[in-house]
Amino acid sequence: MTEDTGTSRRLRREAWGFAVGSLCFFVAAFPFYAEWLGPVGVNVTFVVGSVFFTLAAFIQLSLSGRHVPRKGTNVADRWDWWAAAVQFAGTLLFNLSTGLALAAAIADPDYVGAGWRPDAWGSLAFLAASSFAIVATGRRGELWDTDARTWHGTWLNMLGSVFFALSAIGAYVLPETGTLVSLLWANLGTMLGALCFLVAALLSRRSIPKG
């Protein structure tokens, strides 16, 4: 808490959604959780988590001060907007991916691989968004809100995006065998990525007037 500016530091509005969504993905990737709830329960958890991700990403994209780039928009704000926009698109792809996986689990609990394509594209979108955020953070002092991007949050999100990409690779179903490339990385990548996003969300702060 600051003493001379009349402001206090609070968790950012969008951070609540990212934290809940990350926690859902983190828990659902644990093998014991799958054994406890079964494929349908696990995929319901992923769907819930993806919805919270999307709500949080929409809030982040639509925050007052973050405008669609136009002539005269500075470099930092331009990349900040694109980072938020591409991230939002990625969450929509995760909605589709988890929804398809849930539908497949209801129809056939033993089926694997449903929703892989939107999951892979969603992971690529997160990687792109994290890269854009790095550019925006490099000029943080020019941002509409200097708290909108921080180095610890930016790099934690990038690391989380890398782990999500590794998870998508691990979750690819080999046509010859009908098995995953790596069940270990399909789960571990999701867990570690979600953990990075969770920590980044919990560390996210904004300045607000006291009282």
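# Helix packing and selected residues

Helix 4 passes helix 5 in a left-handed crossing, a term for a near helix turned anticlockwise from the far one by less than a right angle, clockwise being right-handed. Helices (H or I, at least four residues) and strands (E, at least two) are DSSP runs, numbered from the N terminus. The model is predicted, so local features need pLDDT of at least 70 and side-chain atom pairs count only at pLDDT 80 or more, while totals for chains, interfaces and linings use all residues. Residues are numbered from 1 along each chain as its sequence is written, and side-chain values use heavy atoms, with hydrogens and water left out.

## Helix pairs

Helix 4 covers residues 116-137 and helix 5 covers residues 151-170; they pack at an angle of about 160°, and their axes are 9 Å apart. Helix 4 is therefore roughly antiparallel to helix 5. Axes here are lines fitted to C-alpha atoms, for helices over the stretch in contact, and angles run from 0 to 180 degrees between N-to-C directions. Angles over 145 degrees count as roughly antiparallel, those under 35 as roughly parallel, 65 to 115 as roughly perpendicular, and the rest as oblique.

Helix 4 brings Trp116, Asp119, Ala120, Ser123, Phe126, Leu127, Ser130, Ser131, Ala133, Ile134 and Thr137 to its contact with helix 5. From helix 5 come Trp151, Thr154, Trp155, Asn157, Met158, Ser161, Val162, Phe164, Ala165 and Ala168. Contact means heavy atoms within 4.5 Å. By class, this contact of helix 4 with helix 5 holds 13 nonpolar, 7 polar and 1 charged residues. Ala, Val, Leu, Ile, Met, Phe, Trp, Tyr, Cys and Pro count as nonpolar, Asp, Glu, Lys and Arg as charged, and the others, Gly among them, as polar.

Helix 5 also packs against helix 6 (residues 183-203), at an angle of about 165° and with the axes 7 Å apart. Helix 5 and helix 6 are therefore roughly antiparallel to each other. Helix 5 passes helix 6 in a left-handed crossing. The residues of this contact of helix 5 with helix 6 comprise 15 nonpolar, 10 polar and no charged.

Helix 1 and helix 2 have axes that come within 7 Å and cross at roughly 160°. Helix 1 is therefore roughly antiparallel to helix 2. The crossing of helix 1 past helix 2 is left-handed. The contact of helix 1 with helix 2 contains 15 nonpolar, 7 polar and 2 charged residues.

## The largest nonpolar core

The largest nonpolar core has 23 residues, and those with the most contacts inside it are Phe18, Phe25 and Leu61. At least two residues of this core come from each of helix 1 (13-28), helix 2 (31-62), helix 3 (75-107) and helix 6. Helix 2 gives the most to this core, with 7 residues. A nonpolar core is a set of buried Ala, Val, Leu, Ile, Met, Phe, Trp, Tyr and Cys residues joined through side-chain atoms within 4.5 Å.

Apart from its neighbours within four places in sequence, Phe25 is in contact with Phe46, Gly49, Ser50, Phe53, Thr98, Phe164, Thr190 and Ala194.

## Five residues by accessibility

Buried means under 20% relative accessible area, exposed over 50%, and partly exposed in between (1.4 Å probe, protein chains only).

| Residue | Relative accessibility | Class |
|---|---|---|
| Asp80 | 0% | buried |
| Ala15 | 2% | buried |
| Arg205 | 32% | partly exposed |
| Thr146 | 38% | partly exposed |
| Leu100 | 40% | partly exposed |

Asp80 lies in helix 3. With neighbours within four places in sequence left aside, Asp80 is in contact with Arg66, Ala136, Leu143, Trp144, Ala148 and Arg149.

Leu100 is also placed in helix 3. Leaving aside neighbours within four places in sequence, Leu100 is in contact with Ala114, Gly115 and Pro118. Leu100 and Trp116 are 16 residues apart in sequence, and their C-alpha atoms are 8.9 Å apart.

Ala15 is found in helix 1. Its contacts, neighbours within four places in sequence aside, are Ala201 and Ser204. The C-alpha atoms of Ala15 and Leu203 are separated by 8.6 Å, with their positions 188 residues apart along the chain. Arg205 belongs to strand 2 (residues 205-209). Arg205 and Ala15 are 190 residues apart along the chain, and their C-alpha atoms are separated by 8.5 Å.

Thr146 sits in the loop between helix 4 and helix 5. Not counting residues up to four places away in sequence, Thr146 touches Arg140 and Gly141. Thr146 and Asp110 are 36 residues apart in sequence and 48 Å apart in space, C-alpha to C-alpha.
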